[in-house]
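I opened a new page for this chain. The plan is to look up the overall build, then a few helices, then single residues.

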Amino acid sequence: MGRIVGIDLGTTNSVVAVLEAGRPQVIANAEGMRTTPSVVGFTKDSELLVGQAARRQLVLNPRNTFANLKRFVGRAWDELDDSSLSVPYTIRANDRGNVRVACPQMEREYAPEELVASILRKLVDDASTYIGESIEAAVITVPAYFDDAQRQATRDAGRLAGLEVERILNEPTAAALAYGFDRSAVKRVLVFDLGGGTFDVSLLRIANGVFDVKATNGDTQLGGNDFDQRIVDWLAAAFQEHHGIDLRRDRQALQRLTEAAEKAKQELSGVASTPISLPFIATGADGPLHIETRLDRTTFESLCPDLLDRLLLPVQTALRDSGWAAEDVDDVVLVGGSTRMPMVQQLVRTLIPHEPCQSVNPDEVVAIGAAVQ
Ligand code: AMP
């Protein structure tokens with residue numbers, strides 16, 4: 001019989017984990033990475049790309065590269081808000097009011113589930129190669145606020161990927177399972193999930209292995225990407241001041257700026273200052289131009305105060321909806337790579353008077369919980 005895996009199908013990144021000798025383990029993809037960008041693309045030669053390779057052509061081939069697909073899974077066209085509609089690729093409604101993604105390169109439209117299925121397929125194929133066994137079934141996680149249609153569409157994506165979907169599991173429940181909270185008698189847990197493009201807060205009451213989602217809140221348009229963008233703007237503004245060239249108008253330069261910004265941001269979670277080097281980023285009247293600079297954590301943090309402010313209200317609203325005071329929360333679980341930023345952790349500490357749980361990698365905790373399930 002084939003194995004069962006746990007899959008965190010994220011808006012920005014996805015992770016797959018399996019139980020090995022009773023212990024959950026994250027499995028690296030074919031590129032050796034433990035997280036796989038949830039991006040699907042088609043090259044100019046109509047080759048299907050999934051993961052990092054697709055992500056690399058996001059800026060250069062924006063009409064044939066599809067990120068953030070999770071926003072469209074199981075949604076009717078008239079349920080979408082304006083911010084979801086502003087993706088660089090074309091989406092439209094079919095005659096039944098369902099969302100369709102147009103791919104000029106392939107000259108066809110896809111249901112979001114079809115494209116998501118190719119992400120699941122890559123995760124499972126790579127995992128299967130790694131563990132040397134076939135994988136037939138999966139537990140797939142979804143946000144706690146997903147409705148029946150969104151859950152069904154996620155199941156459909158699994159089925160299209162050739163998987164039996166054993167269970168659709170709430171992401172905050174998975175995070176709590178990864179910490180073994182199901183074994184405690186009664187616990188009130190706040191799950192603070194800041195990923196690449198979305199922010200979710202969930203309040204869970206766990207009693208004798210039963211999980212009850214008391215309240216959820218969040219911001220579907222706030223994530224690590226917004227922090228990257230602040231660094232992109234900082235670099236581009238300084239360059240424009242010196243050389244009179246706006247790098248954001250040149251797709252190739254923008255792609256490199258975006259990648260360098262994310263790398264700098266991630267490094268600043270561990271060190272106080274980091275170099276940013278982008279040789280040959282543009283050509284001026286006297287030849288090639290370069291970026292050689294440093295960014296320190298204090299400057300980075302001074303670029304983001306309003307982003308931090310936007311994290312406050314959803315937490316306060318979720319607490320109010322659940323009828324809990326901050327002191328009633330027994331544990332805080334950090335989920336999502338963006339909770340590695342010291343300024344975010346600091347903010348969480350000011351909201352809830354408990355040291356947050358972070359012994360499990362925040363970008364892996366949901367997949368690990370899914371594997372445990
Ligand atoms: P996730 O969707 O949970 O994989 O989160 C992805 C987001 O986490 C991206 O915006 C990453 O840049 C961000 N991220 C990952 N590692 C770090 C880090 N060490 N410091 C800050 N952000 C990070």
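**Entry 1: overall build.** I began with the secondary structure of the protein chain, which comes to 11 helices and 18 strands. I note here that the model is predicted.

I then checked the radius of gyration. A compact globule of 373 residues would have one near 21 Å, and the protein chain has 21 Å, so the two agree. Along the principal axes, the C-alpha atoms fill a box of roughly 70 × 50 × 45 Å.

I looked up burial next: 53% of the 373 residues count as buried. For contacts with a separation of 6 or more, I found that 62% join residues 24 or more positions apart.

**Entry 2: surface and charge.** I read off an exposed area of about 16800 Å² for the protein chain, with carbon and sulfur atoms supplying 46% of it. I counted charges as well: there are 38 positive and 52 negative side chains. The centres of these two sets lie 1 Å apart.

**Entry 3: helix H3.** I took H3, residues 112-131, as the starting helix. Its 20 residues reach 29 Å from the first C-alpha to the last, close to the 28 Å expected at 1.5 Å a residue. I checked its cover and found it mostly covered, with 14 of the 20 residues buried. Just after H3, I noted that Gly132 takes a positive phi of about 70°.

**Entry 4: helix H9.** I ran the span check on H9, residues 305-322. Its 18 residues should span 26 Å at 1.5 Å a residue, and the end C-alpha atoms are 27 Å apart, so the helix agrees with the expectation.

Which residues of H9 are buried? I listed Leu307, Leu308, Leu311, Pro314, Val315, Thr317, Ala318, Leu319 and Ser322. I recalled that an α-helix has 3.6 residues a turn, so residues three or four places apart point the same way. The cover over the buried residues of H9 includes strands S13 (186-194), S14 (199-207) and S15 (210-219). It also includes helices H6 (224-243) and H10 (342-351). Just after H9, Gly323 has a positive phi of about 75°.

**Entry 5: helix H10 and Gln346.** I moved on to H10, where Met343, Val344, Gln345, Leu347, Val348 and Leu351 are buried. What covers them includes S13, H6, H9, helix H8 (297-302) and strand S18 (331-335).

I also looked up Gln346, which is found in H10. Gln346 is partly exposed, as its relative accessible area is 44%. I took one distance from Gln346: its C-alpha is separated by 41 Å from that of Glu164, 182 residues apart along the chain.

**Entry 6: Glu171.** I found Glu171 in helix H5, residues 171-178. Is Glu171 buried or exposed? Its relative accessibility is 7%, so Glu171 counts as buried; the cut-off for buried is under 20%. Setting aside residues up to four places away in sequence, I found that Glu171 touches Leu9, Lys70, Thr141, Val142, Pro143, Asp193, Asp200 and Val366.

**Entry 7: Thr283.** I closed with Thr283, placed in strand S16, residues 273-284. Thr283 is exposed, with a relative accessible area of 64%; the cut-off for exposed is over 50%.

What does Thr283 contact, leaving aside neighbours within four places in sequence? I found Ile245, Pro288 and Leu289. The C-alpha atoms of Thr283 and Ile245 are separated by 9.3 Å, with their positions 38 residues apart along the chain counted as the separation.

Methods: Residues numbered from 1 in each chain as written. Predicted model: local features only at pLDDT ≥ 70, side-chain atom pairs only at ≥ 80, totals over all residues. Heavy atoms only, no water. Helix = DSSP H or I, 4+ residues; strand = E, 2+ residues; numbered from the N terminus. Rg over C-alpha atoms; globule rule 2.2 N^0.38 Å. Buried < 20%, exposed > 50% of the residue type's maximum accessible area, 1.4 Å probe, protein only. Contact = heavy atoms within 4.5 Å. Areas by Shrake-Rupley, 256 points an atom, 1.4 Å probe, with all protein chains shown as cover. Lys, Arg positive; Asp, Glu negative; His and termini not counted. Charge placed at Lys NZ, Arg CZ, Asp CG, Glu CD. Expected span 1.5 Å × (residues − 1).
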